[in-house]
Amino acid sequence: MARPFHLAFPIDDLEQTKTFYMGVLGCKQGRELEGKWVDFDLFGHQMSAHLREKTQFPLGVTGVVDGDAVPIPHFGVVLPMDEWKMLADRLKTHETIEWLLEPKIRFEGQPGEQGTFFIKDPSGNALEFKAFASDTDIFAT
């Protein structure tokens, strides 16, 4: 069984971030240093949102995967396919979601075929949520 990952990432506003990660994505809140940072449980992984100056960590650089522009940096989680579909459907009902790439199947009919979508959090961080028909396909070549 894989161990949870930890990721610290920059944010612009603690309250907006808490509303998004807890209210929209359904994360549980962990520890918090008021006015500085907050931890979230993102599907069993530890995410630490750190308040930063807007001039740090420039965002907006992109790469290309299977013909789609994807934001760099980005982070996310691999979900079981049924959970991925439920999350995608739930997020479609939120008018405030900023979609960078709407839900789609990537590498269709090839090794590593996957469902994927990208959204932004309120601080502009790009998140990718993906799913495979089987976990054995995660590292398929």
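## Sheet β7-β10-β9-β8

Four strands make an open sheet of mixed pairing, ordered β7-β10-β9-β8. Strands are DSSP runs of E, at least two residues long, and helices are runs of H or I, at least four residues long; both are numbered from the N terminus. Two strands count as paired if DSSP finds at least two bridges between them. At the edges lie β7 (74-80) and β8 (98-106), and each pairs on one side only. On average, neighbouring strands of this sheet are turned by 15° against each other, direction ignored. Axes are lines fitted to C-alpha atoms, for helices over the stretch in contact; angles run from 0 to 180 degrees between N-to-C directions.

Edge strand β7 runs parallel to β10 (residues 126-132), with 7 bridges between them. Pro 80 has Phe 132 of β10 as its bridge partner.

## Basis of the model

The model is predicted: local features need pLDDT of at least 70, side-chain atom pairs count only at pLDDT 80 or more, and totals for chains, interfaces and linings use all residues. Residues are numbered from 1 along each chain as its sequence is written, and side-chain values use heavy atoms, leaving out hydrogens and water.

## Sheet β1-β4-β3-β2 and its helix

Another open sheet has 4 strands in the order β1-β4-β3-β2, again with mixed pairing. Its edge strands are β1 (6-11) and β2 (28-33), each paired on one side only. Here the average turn between neighbouring strands is 25°, direction ignored.

Strands β2 and β3 (residues 37-42) are antiparallel, joined over 4 bridges. Lys 28 faces Asp 41 in β3. Helix α1 (residues 14-24) packs on this sheet and touches β1, β2, β3 and β4 (45-51). Contact means heavy atoms within 4.5 Å. The direction of α1 makes about 10° with that of β3.
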